[in-house]
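Got the model open in your viewer? Let's take a short walk through it, one selection at a time.

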Amino acid sequence: MIELPFARPLDFEHCVTCESPGEGHWFVFRGDQLLVEMGPLERPSDDLRVKARPAWARLPVRGQAWLGSTTQRILYLGELNRRQCWAADVPKDAAAPEGMSFEGLRTLFTVLEDAHFALAGRALQLVEWDRTHQFCGRCGSRTEAHREERVRVCPSCKLSAYPRVAPAVMALVRREKEVLLARSPHFPPGMYSALAGFVEPGESLEQCLAREVAEEVGVRIANPRYFASQSWPFPHSMMIAFICDWVSGDIKRQEAEIEEAKWFEVLQLPKLPSKISIARKLIDAVVEEMRGNTNAV
């Protein structure tokens with residue numbers, strides 16, 4: 001099994017309700033930024049969106065009353081190594097306590113402990129879900145949290161709202177000694193990645209893969225092979241990556257979605273995504289295999 005950031009730690013036990021609240025790890029968010037104790041921003045970053053990473057960072061370990069009345073919501077996550085884990089949400093204008101600061105998860109990648117970083121991704125998604133489902137989408141009544149499972153239920157019409165997960169496929173297309181990479185207008189300058197898009201109702205992953213590639217770059221593919229999947233908390237996706245082969249067609253980019261798309265030889269690649277993402281893992285694995293085959297010839 002391929003290990004990726006944001007995967008659930010093996011020693012984490014999920015739970016919705018805590019019968020005896022006590023000291024624990026706290027995942028406190030202001031918007032999408034996590035509250036941490038951290039050192040100076042002096043470590044280099046492989047992410048073009050992040051200028052530098054802190055020398056060190058750790059979660060606050062506190063009791064129940066330390067945040068006072070500033071919290072907008074508190075969710076129990078479960079236990080990590082038998083220590084309670086809590087998620088909380090504070091207003092966007094909330095100041096960080098002395099000695100702490102709010103930082104985005106991209107900045108904290110490789111700095112926080114792996115298990116804490118993974119749970120931060122889970123906590124961010126659950127906080128955002130709870131924040132945006134306070135009222136019923138059918139009748140407008142205020143929803144209520146369920147004690148036994150992670151769901152908000154409308155007491156009036158009984159509509160249930162579970163945490164949202166949006167499946168998206170990722171395609172790395174191969175052609176002889178080349179891979180097809182593209183860049184979105186939102187990418188940092190010079191960065192390219194694999195193609196990706198959300199699954200639509202009524203289609204399989206394989207159908208979505210073929211449709212997205214055809215729509216975004218105008219080529220036909222075949223022989224899709226599953227690579228791996230990754231929970232992606234920006235804001236609540238499940239990325240499902242595939243390798244596939246080019247069949248026919250020249251690149252015709254979808255201008256609204258794709259700024260540029262090119263075939264790259266595996267020995268001459270552009271700037272790539274950070275190792276936080278499955279895209280980088282996918283590209284690195286395929287390129288390593290193709291370079292090996294090239295050297296063998």
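Helices and strands here are DSSP runs, at least four residues for a helix and at least two for a strand, numbered from the N terminus. Keep in mind that this is a predicted model.

**Stop one: a serine in a loop.** Select Ser-274, which sits in the loop that links strand S19 (260-265) to helix H4 (278-296). Is Ser-274 buried or exposed? Its relative accessibility is 5%, and since buried means under 20%, Ser-274 counts as buried.

Now show what surrounds Ser-274. Setting aside neighbours within four places in sequence, you'll find Asp-46, Asp-47, Arg-53, Phe-109 and Arg-280 in contact with it. Turn on the side chains of Ser-274 and Asp-46: they make a polar contact at 3.1 Å.

**Stop two: strand S2.** Next, select residues 24-30, which make up S2. This strand is mostly covered, with 6 of its 7 residues buried.

Which strands does S2 pair with? Take these one by one:

- Select residues 83-90, strand S9: S2 pairs with S9 in the parallel sense, over 7 bridges. To find one of these pairings, look at Gly-24, whose bridge partner in S9 is Gln-84.
- Select residues 61-62, strand S7: here the pairing with S2 is antiparallel, over 2 bridges. His-25 stands opposite Val-61 of S7.
- Select residues 33-38, strand S3: S3 and S2 run antiparallel and are joined by 2 bridges. Phe-29 faces you with Leu-34 of S3 opposite.

**Last stop: the turn.** Zoom in between S2 and S3, which form a hairpin with 2 residues between them. Pick Gly-31 in that turn and check its phi: it is positive, about 70°.

Technical notes: Residues are numbered from 1 along each chain as its sequence is written. This is a predicted model: local features need pLDDT of at least 70, side-chain atom pairs count only at pLDDT 80 or more; totals for chains, interfaces and linings use all residues. Side-chain values use heavy atoms; hydrogens and water are left out. Buried means under 20% relative accessible area, exposed over 50%, partly exposed in between (1.4 Å probe, protein chains only). A polar contact is a pair of N or O atoms within 3.5 Å; within protein, one must be able to donate a hydrogen and the other to accept it, and residues adjacent in sequence count only if both atoms are side-chain atoms. Contact means heavy atoms within 4.5 Å. Two strands pair if DSSP finds at least two bridges between them.
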